[in-house]
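Visitor: Could you walk me through this model before I go back to the bench? I would like to begin with the overall fold and then look at some details.

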Amino acid sequence: MARPYWNPYLAGVGLGLTLLFSYVVLGAGLGASGGITRVAATAAHAVAPAAVAGNSWLAGFFADGSPLAHYLVAMLLGTFAGGLLSARAAGRFALAVERGPTAPAGLRLLLALAGGALAGLGARFASGCTSGQALSGGAMLQTGGFVFTGACFAAAFALAPLVRKEWR
């Protein structure tokens, strides 16, 4: 039986304390796209090491040894493991494709893949993902963090009517 969700205010305080802990211990904020980028750079290096060595941006990930030794990779793995353990503990873990009643599972997976790829590309263009931009940038009172968060909310409100029919 699934347990109720946390109080959102309590969860927000917990997230804020996690962000504070990250700054105190690591000297940096939270983020996910940097870890994914480091895993992708390592995979590319395994397939085409000469091409990676010849690319100044990708080669930079190997300047201090393995890109996988960076704290962002550990944070990425910890986020995945923590989410999995939390879902299991709350009785909410299930292998399923979340979708609206009119959307076939294949279409939902294709759209999720396309959306994830676009979000990843956008994170690289913006030099940070949503957690890095909104949470860490907002905590540092950076203008870009607030502009980004506002733009995300505006885009979500603008696009919601276009996709709402798929979830009815």
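Guide: What follows is a conversation about a predicted model, starting with the chain as a whole.

Visitor: Okay, how many helices and strands are there in the protein chain?
Guide: The protein chain has eight helices and zero strands, so the order of elements from the N terminus reads α-α-α-α-α-α-α-α. Along its principal axes, the C-alpha trace spans about 50 × 40 × 35 Å.

Visitor: And what share of the residues is buried?
Guide: Of the 168 residues in the protein chain, 18% are buried.

Visitor: Let's look at H1. What span should that helix have, and what does the model give?
Guide: Helix H1 covers residues 8–26, and its 19 residues should span 27 Å at 1.5 Å a residue. The C-alpha atoms at its two ends are 26 Å apart, which agrees with that expectation.

Visitor: What happens at the ends of H1, then?
Guide: At the N-terminal end, Asn7 acts as a cap, with a side-chain oxygen placed 2.7 Å from the backbone nitrogen of Tyr9. Just after H1, at the other end, Gly27 adopts a positive phi of about 75°.

Visitor: Which residues form the nonpolar patch on the surface?
Guide: The patch is formed by Val13, Leu17, Leu20, Phe21, Val24, Val25 and Leu26, which together have about 710 Å² of accessible area. One of these residues, Val24, is found in helix H1, and it counts as exposed because its relative accessibility is 63%, where the cut-off is over 50%.

Visitor: How does H6 look by the same kind of check, and what comes just after it?
Guide: Helix H6, residues 105–125, has 21 residues and reaches 30 Å from its first C-alpha to its last, close to the 30 Å expected at 1.5 Å a residue. Just after H6, Ser127 takes a positive phi of about 60°.

Visitor: Where does Leu141 sit, and what is its phi?
Guide: Leu141 lies in the loop between helix H7 (130–139) and helix H8 (143–163), and although it is not a glycine, its phi is positive, at about 55°. With a relative accessibility of 66%, Leu141 counts as exposed.

Visitor: Changing topic to cysteines: how many disulfides turn up?
Guide: A search of the whole structure finds zero disulfides. Cys129 is in none, and the nearest cysteine sulfur to it, that of Cys152, is 11 Å away.

Visitor: Why doesn't Cys152 count as bonded to Cys129?
Guide: The closest cysteine sulfur to that of Cys152 is in Cys129, and at 11 Å it is too far for a bond, because a disulfide requires the two sulfur atoms to be within 2.5 Å.

Visitor: Are those two cysteines buried or exposed?
Guide: Cys129 is buried, with a relative accessible area of 12%, whereas Cys152 counts as partly exposed at 32% relative accessibility.

Visitor: One more on H8: what about Ala158, and how far is it from Ala69?
Guide: Ala158 is found in helix H8 and is exposed, with a relative accessible area of 51%. Its C-alpha atom is separated by 40 Å from that of Ala69, the two residues being 89 residues apart along the chain.

Visitor: And Pro49, which helix is that in?
Guide: Pro49 lies in helix H3, residues 49–53, and at 40% relative accessibility it counts as partly exposed. The C-alpha atoms of Pro49 and Leu118, which are 69 residues apart along the chain, are separated by 26 Å.

Conventions. Residues numbered from 1 in each chain as written. Predicted model: local features only at pLDDT ≥ 70, side-chain atom pairs only at ≥ 80, totals over all residues. Heavy atoms only, no water. Helix = DSSP H or I, 4+ residues; strand = E, 2+ residues; numbered from the N terminus. Expected span 1.5 Å × (residues − 1). Polar contact = N/O pair within 3.5 Å; in protein donor to acceptor, adjacent residues only side chain to side chain. Patch = residues over 30% accessible without salt bridge, like charges linked within 9 Å, V, L, I, M, F, W, Y side chains within 5 Å. Areas by Shrake-Rupley, 256 points an atom, 1.4 Å probe, with all protein chains shown as cover. Salt bridge = Lys/Arg side-chain N within 4 Å of Asp/Glu carboxyl O. Buried < 20%, exposed > 50% of the residue type's maximum accessible area, 1.4 Å probe, protein only.
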